[in-house]
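Biologist: I am new to this structure and would like a close look at one part of it, the empty space in and around the protein. Please take me through the pockets and then the cavities.

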Amino acid sequence: MEQWVEGELALGELPLQCGATLRDARIRYLQRGAANAPKDNIVLLPTYYGGAMAGNRALGEGGSPLADPRWCLVIPGMLGGGESSSPSNAHPSQRGARFPPLALADQVQAQARLGAALFGEVRLALVGGWSLGGMQALQWGCLFPGRVRRVAAWCSAARCHPHNLLFLRGLEAALTADPLAAGDGKPVAGLRAFGRVYASRAYGPRFVSGGHHRALGFADIDALLRWWEDDHLAMNHHDLLAVLRMWAGADIAANARFGGDHDAALAAIRAPALVMPCATDQYFLVHEAAAEAARMPRADFRVMQSEWGHCAGGPGREPAAMAQLWRALGELMAR
């Protein structure tokens, strides 16, 4: 198996959809494998909220159809996520709370520039991802329909629906209730609260009562909550807020091309697409994904069965859920 190589592309002054310009913009990425002669083997795997690029490496391992060495895998770090240009590492004039607002389309435009720099103008074999990674994949599918051969979005949606937004507003309030969140000091209390609120909806409603937390090594709820606290204490609060606010406003139709016409944006995803919500996801709901898939010309709609809720789709996290994803991805790659 080829090794992952990390790289960075300087984007210079990057115009954003909000009208601001991101100064000295950079996008970091992981790559495994190389493009073949026809350049038809390139797979782009955008990252998820709070996730580093390394978190997506499991999509190319084990029983995944993407583990086949013929695929050239590229994992771009999200703007705002802490690896590419973000509040925590931006130009000094845009660091911290001064970082400009991001849109879903900004991520895809930056990734398109990365792809062109690495490979030239090619049609990607697949753009796919979990959660916010899936939202980016769907944005790719409608903004660049001629440059994407397949799209996959699991535990995801084409926009932030009201139930999801309700959760995100609560998350934001938990963090910003700490006065330190407005500045550069570490808001420890806010980050702990953020982690606890996040954990409350991350799993399915029967995850704890069914004892599934014990499979992760947690003896009880308190142990699980402490892990979520510690995980978020390691993150930068401005990074978390920047991407959370982007997620809250995410809509594949919220750009100049579609002008808010959601049906038109979904219809523009002409490539074969996998839309795969989880039956117990408490962020992205099954009926919302079903309605969106029905408006895509070539979507394959499937429901992942798991008590792990949103976390079921996390790369490599729950073997039974991954087995379902691998089957569906395998069939998509064969189309």
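**Pockets and cavities**

Modeller: The largest pocket holds about 380 Å³ of space. It is lined by 21 residues, and those closest to its centre are Trp130, Trp227, Trp228, Cys311 and Arg317. Two elements, α4 (188-202) and α5 (221-233), give two or more residues each to this lining. The largest share comes from α5, with four residues. Sorted by class, the lining of the largest pocket has 14 nonpolar residues, five polar and two charged. The model is a predicted one, and the pocket volumes are computed from it.

The second largest pocket has a volume of about 200 Å³. Its lining is made up of 14 residues, with Ala97, Phe99, Leu241, Ala242 and Arg245 nearest the centre. Eleven residues of this lining are nonpolar, two are polar and one is charged.

Arg317, one of the residues closest to the centre of the largest pocket, is also among the contacts of tryptophan 308. Tryptophan 308 sits in the loop between β8 (299-301) and α9 (319-334). It counts as buried because its relative accessibility is 10%, and buried means under 20%. Beyond its neighbours within four places in sequence, tryptophan 308 is in contact with Ala202, Tyr203, Gly204, Phe207, His212, Leu216, Thr280, Arg317 and Glu318. The C-alpha atoms of tryptophan 308 and arginine 206 are 8.2 Å apart, although 102 residues separate the two along the chain.

Now the cavities. There are two of 30 Å³ or more. The largest cavity contains about 100 Å³ of space. Its lining has 15 residues, of which Gln111, Gly115, Phe119, Leu124 and Trp140 are the closest to its centre. The elements giving two or more residues to this lining are β3 (42-44) and α1 (104-119). Of the elements, α1 gives the most, with six residues. By class, the lining of the largest cavity divides into eleven nonpolar, three polar and one charged.

The second largest cavity has a volume of about 50 Å³. The residues lining it are Leu138, Ala153, Cys155, Ser156, Ala157, Val275, Met276, Pro277, Ala289, Glu292 and Met296. At least two residues of this lining come from β7 (273-276), and at least two from α8 (286-293). Nine residues of the lining are nonpolar, one is polar and one is charged.

Note on methods
Residues numbered from 1 in each chain as written. Predicted model: local features only at pLDDT ≥ 70, side-chain atom pairs only at ≥ 80, totals over all residues. Heavy atoms only, no water. 1 Å grid on protein atoms, 1.4 Å probe; cavity = no way out; pocket = protein on both sides within 12 Å on 5 of 7 lines; lining within 4 Å. Points joined across faces, edges and corners; volume = space filled by probe spheres on them. Nonpolar A, V, L, I, M, F, W, Y, C, P; charged D, E, K, R; others polar. Buried < 20%, exposed > 50% of the residue type's maximum accessible area, 1.4 Å probe, protein only. Contact = heavy atoms within 4.5 Å.
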